[in-house]
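Here is a short report for a first look at this structure. It covers ring pairs, burial and strand pairing.

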Amino acid sequence: MNQNMAAAMELRCWGGDWGLPSVHTESLIVLAYTKFSGAEVAVSPIDWTWKTITVTVPELVCGDTAVQEPTQILNFLRKQRFNADYELTARQGADTMAYIALLEEKLRPALLHTFWVDAENYSNLTRPWFASRSPFPLNFFVPGRLASGALSRILLTTGEAPLHRISEVEGKIYSDAKECLNLLSYRLGTANFFFGNSPTSLDAFAFGFLAPLHKASLPSSPLQSHLRQLDNLTGFCDNILAVYFSSDHFCKIAAQAGPLPPVQETMDANLQKLTQLVNKESNLIEKMDDNLRSSPQHKPHRPEPKPSLSSAKSSTPA
């Protein structure tokens, strides 16, 4: 029954470009999770359709049920026994929730600013891309509507009043985002995924946040420059693209062989402070919820783990 249900699932999302299956963070999160959990979904890009204005993506449609927002979609998939987090301990489940909260709070505002508020990036990349993927006359309307939503979300996330000038919070937004990237890099280390040898929902979220910043041809982006200095994070994105999306026509990329490069072994004060914050939040989550994996713990539909490029091609043990 679940297998039939899985075959009937349709995922509506923004389409792919820049070597990615989607240029849209939320859509990427769900696409990655479906690959990690083995969920069979029919991907329906909304590009060049009226759904660019009528549908909030990503949207998973299964029979009479329509689910939006990555967290809700992942919960729905887990109920169908497509659970990439099945083998996580309660502590790892708490860490997952804490790190996802960190991504939302510290990294998302800077990503939204980079693509939708920065005038050079918006004029030369973001607006032309979304306009070219929207049918006439929506091409005149969709990019501005998305940009307005991005600005509102930045101010909401940073706790500023809606009329607060965005220029007054830019510095903190980018400082927080760089610290968040440093912490992710430190947490990942030389591993291929955040928990062991198989990707989980945290990997899906991290990939969704990082991959567009890594792959987009941005005219102006100090944050992109910072990410590209963190070789293990860019290698993390490239590895997922090569292992899980290489057969997709929009993801033809040259596989980079070899193990992931080493990362710094010592923490600076800011990184240590952020780590303590995440650990504290993780402890709270674990204490508050002893039932993190409250759905029935049946053996999930999980694909066989795929060998990563680094583990497959590296002759030396990790």
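Buried means under 20% relative accessible area. The model shown here is predicted.

**Aromatic pairs**

Five aromatic pairs turn up in a search of the whole structure. One of them joins Trp-116 and Tyr-122. Their ring centres lie 6.1 Å apart, with 50° between the planes, and the pair is tilted. Trp-116 has 13% relative accessibility, so this residue counts as buried. Tyr-122 is buried too, at 17%.

Phe-194 and Phe-236 pair as well. Their planes meet at 70°, so this pair is edge-to-face. The ring centres are 5.5 Å apart. The pair links distant parts of the chain, 42 residues apart. Phe-194 sits in the loop between helix 8 (170-188) and helix 9 (201-215). Phe-236 belongs to helix 11 (residues 231-244).

Is each of these two Phe residues buried or exposed? Phe-194 is buried, with 3% relative accessibility. Phe-236 is buried, with a relative accessible area of 1%.

**Strand pairing**

Strand 1 pairs with strand 2 and with strand 3. The table gives the details.

| Strands | Direction | Bridges |
|---|---|---|
| Strand 1 (residues 10-13) and strand 2 (residues 42-45) | parallel | four |
| Strand 1 and strand 3 (residues 59-62) | antiparallel | three |

Which residue of strand 2 is the bridge partner of Cys-13? The partner is Pro-45. Glu-10 has its bridge partner in strand 3, at Val-61. In a regular strand, side chains alternate between the two faces of the sheet.

Notes. Residues numbered from 1 in each chain as written. Predicted model: local features only at pLDDT ≥ 70, side-chain atom pairs only at ≥ 80, totals over all residues. Heavy atoms only, no water. Phe/Tyr/Trp six-rings, centres within 6.5 Å; stacked < 30°, edge-to-face > 60°. Buried < 20%, exposed > 50% of the residue type's maximum accessible area, 1.4 Å probe, protein only. Helix = DSSP H or I, 4+ residues; strand = E, 2+ residues; numbered from the N terminus. Pairing = 2+ DSSP bridges.
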